[in-house]
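Colleague: Please take me through the fold of this chain and the packing of its helices.

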Amino acid sequence: MGQRLSQIEWSDRDKLGFTDLDIEHRGLVEIINRVIRAINEDDQVQYRLHANNFAQALILHFANEETFLHEIRYSHLDKHRAHHQSLLEGALAFNRLSHSMEDLDTLGGYLEEIKTALLEDIRGGDHYFLKFLETEGADKTVKARLLG
Ligand SMILES: [Fe+2]
Ligand SMILES: [Fe+2]
């Protein structure tokens, strides 16, 4: 393909401080990096495998994160869920596409969009949970447990 895709570099700044979510976020980054490497290496077996793994991991992660957000009574849950839904639809569409076509420039273009949306979620949207808990978090017990 024309241009090599860059992988995501995980940094401690990406952590929220909620261990389970942080582990899952890091896992998602690792899986999408495997897809990126496989696309760069034109390794069809591997990018198909990891595109599928990525979509499955997203399904699991979003379910866990939305349960958590429900528990802390996050005020923007509906909006955040809609964002998850569009990212998941993108990942599922990419997975289907990766199994039915071989044009690496097209696949790479879609993957770049998914990568951007994942980063927006981890580095952007998900960091509002902390702000929410620190400011308007409704449940004092949950807040004390999570923030120590
Ligand atoms: Fe997340
Ligand atoms: Fe999220």
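Modeller: Helices (H or I, at least four residues) and strands (E, at least two) are DSSP runs, numbered from the N terminus. This is a predicted model, in which local features need pLDDT of at least 70, side-chain atom pairs count only at pLDDT 80 or more, and totals for chains, interfaces and linings use all residues. Residues are numbered from 1 along each chain as its sequence is written, and chains are lettered from A and ligands numbered from 1 in the order in which they are written.

Colleague: Which pattern does the protein chain follow along the sequence?

Modeller: The chain has 6 helices and 0 strands. Read along the sequence, the pattern is α-α-α-α-α-α.

Colleague: Are α2 and α3 roughly parallel or roughly antiparallel to each other?

Modeller: The axes (lines fitted to C-alpha atoms over the stretch in contact, with angles from 0 to 180 degrees between N-to-C directions) of α2 (residues 44–71) and α3 (residues 77–100) come within 9 Å and cross at roughly 170°. Angles under 35 degrees count as roughly parallel and those over 145 as roughly antiparallel. The two helices α2 and α3 are therefore roughly antiparallel.

Colleague: Which residues touch the most other members of the largest nonpolar core?

Modeller: Such a core is a set of buried Ala, Val, Leu, Ile, Met, Phe, Trp, Tyr and Cys residues joined through C-beta atoms within 7 Å, where buried requires 20 or more other C-beta atoms within 10 Å, with C-beta atoms placed from the backbone. The elements giving two or more residues to the largest core are α1 (19–40), α2, α3 and α4 (104–124). Of its 18 residues, those touching the most other members are Val 35, Phe 54, Ala 91 and Leu 111.

Conventions:
Parallel < 35°, antiparallel > 145°, perpendicular 65-115°, else oblique. Buried ≥ 20, exposed ≤ 12 C-beta atoms within 10 Å, placed from the backbone.
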